[in-house]
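Here are my notes on the model, as numbered points. Please read them alongside the sequence and the coordinates.

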Amino acid sequence: MNATPARHLDVRAETFPIAGSFTISRGSRTESQVVVVEIVQGPLRGRGECVPYPRYGETVEGTIAAIKAIAQDIENGLTREQLRQQMRAGAARNAVDCALWDLEAKISRRPVFRLAGLPEPKPVVTAFTISFGRPEVMAAATAAASSRPLLKIKLGGPGDVERIRAVRANAPRARLIVDANEGWTAETLETNLAACAEAEVEMVEQPLPVHRDAVLGAIPRPIPICADESVHDCATLAPLIGRYDAINIKLDKTGGLTEAIDLAREARNLGLDLMIGCMVGSSLGMAPATLLAQDARWVDLDGPLLLAQDRIAGLRYVGSLLHPPEPALWG
């Protein structure tokens, strides 16, 4: 009887330049720093990618250190459920979890969607992000992207009424969603929501800072409000009821596909709509999320479209139509 080949862990940082810059209300950047995990077993290699996010106290160095701290457990056969019990939700766990899924798919010769009991992925329409900036700058960026069917507009500061009006004027036929990145206040909330409703925005994401969002349950919501920074994993879901109409599931927040599947199921049971989102990363980071995107109301997996260059053999985008990953990439 042949012995199971030993596992070996490899973890490293990689950098992808962004096309131009990516700007939200909290700041701007010109490159995406990701952490890649590879779990090698004989000739097979499972891969996962995460984007450490400073908003949640994460750094590339800290993420790599957290993964290396459990290297022996991973190499000794750590399971996804053991990983979920051992490591907190966040970027580090996401990269390991997705690498374990990918490795199991390669060992079993069955795609991840079958292993997870999910429907076979089909192409989906993804949003395309318009960065935060002066109204005239956002208007020009919107005009250049106006043929795309779904645009995600970054807001989050004084002048947002003018920004959303400028965007709508330059994309009269596109569907619009808005992400305020915690940048509004209780005083500006209703004015900004009214402007978004006037512009026929479909949804506003995280208008208020975490722990200051109770007011959302006490005012009329003319359009759906989606939680992002306020929701991470299943444990953070219950306080959102009555305040939000949808949640944005990002694997870097949930700590991987394993928790994300459970979070999506629980959210639906509570009557919440789903958005499947991402940090700005490469196709390797987007690929697992495509499995959850199949019946989401909104999909925002445009990370590779914002890069100057994606990784080789990445996801295939035809305009804004995102195709499922090939097994050579992930899953």
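Which residue in E3 is the bridge partner of Val37?

1. That partner is Gly48, in strand E3. The model is a predicted one, and the points below should be read accordingly.

2. The Val37 and Gly48 bridge belongs to the pairing of E3 with strand E2, which covers residues 27-41. E2 and E3 run in the antiparallel sense, and 7 bridges link them. The two strands form a hairpin with 2 residues between them. Gly42 of this hairpin adopts a positive phi near 60°.

3. Is E3 largely enclosed or not, and why? Strand E3 spans residues 44-50, and 5 of its 7 residues are buried, so the rest of the structure largely encloses it. Buried here means under 20% relative accessible area.

4. Helix H10 is formed by residues 257-269, 13 in number. From first C-alpha to last, H10 reaches 18 Å, close to the 18 Å expected at 1.5 Å a residue. Just after H10 comes Gly271, whose phi is positive at about 85°.

5. The buried residues of H10 are Leu257, Thr258, Glu259, Ala260, Ile261, Leu263, Ala264 and Ala267. Their cover includes both helices and strands. Among the helices are H3 (80-86), H4 (91-108), H5 (112-115) and H9 (251-254). Strands E10 (246-249) and E11 (273-276) also take part in the cover.

6. How do H4 and H10 pack, and at what angle? Their axes lie 8 Å apart and make an angle of about 95°. An angle of 65 to 115 degrees counts as roughly perpendicular, and H4 and H10 are therefore described in that way. On the H4 side the contact is made by Arg93, Asn94, Asp97, Cys98 and Trp101. H10 contributes Leu257, Thr258, Glu259 and Ile261. Sorted by class, the contact of H4 with H10 has 4 nonpolar, 2 polar and 3 charged residues. The four H10 residues in this contact, Leu257, Thr258, Glu259 and Ile261, are also listed as buried in point 5.

7. Another sheet to check is an open one of 3 strands, in the order E4-E14-E13, with antiparallel pairing. Its edge strands are E4 (124-125) and E13 (317-318), each of which pairs on one side only. E13 and strand E14, residues 321-322, are joined by 2 bridges and run antiparallel. Opposite Val318 stands Leu321 of E14.

Conventions: Residues are numbered from 1 along each chain as its sequence is written. This is a predicted model: local features need pLDDT of at least 70, side-chain atom pairs count only at pLDDT 80 or more; totals for chains, interfaces and linings use all residues. Side-chain values use heavy atoms; hydrogens and water are left out. Buried means under 20% relative accessible area, exposed over 50%, partly exposed in between (1.4 Å probe, protein chains only). Two strands pair if DSSP finds at least two bridges between them. The expected span of a helix is 1.5 Å times one less than its number of residues. Contact means heavy atoms within 4.5 Å. Axes are lines fitted to C-alpha atoms, for helices over the stretch in contact, and angles run from 0 to 180 degrees between N-to-C directions. Angles under 35 degrees count as roughly parallel, over 145 as roughly antiparallel, 65 to 115 as roughly perpendicular and the rest as oblique. Ala, Val, Leu, Ile, Met, Phe, Trp, Tyr, Cys and Pro count as nonpolar, Asp, Glu, Lys and Arg as charged, and the others, Gly among them, as polar.
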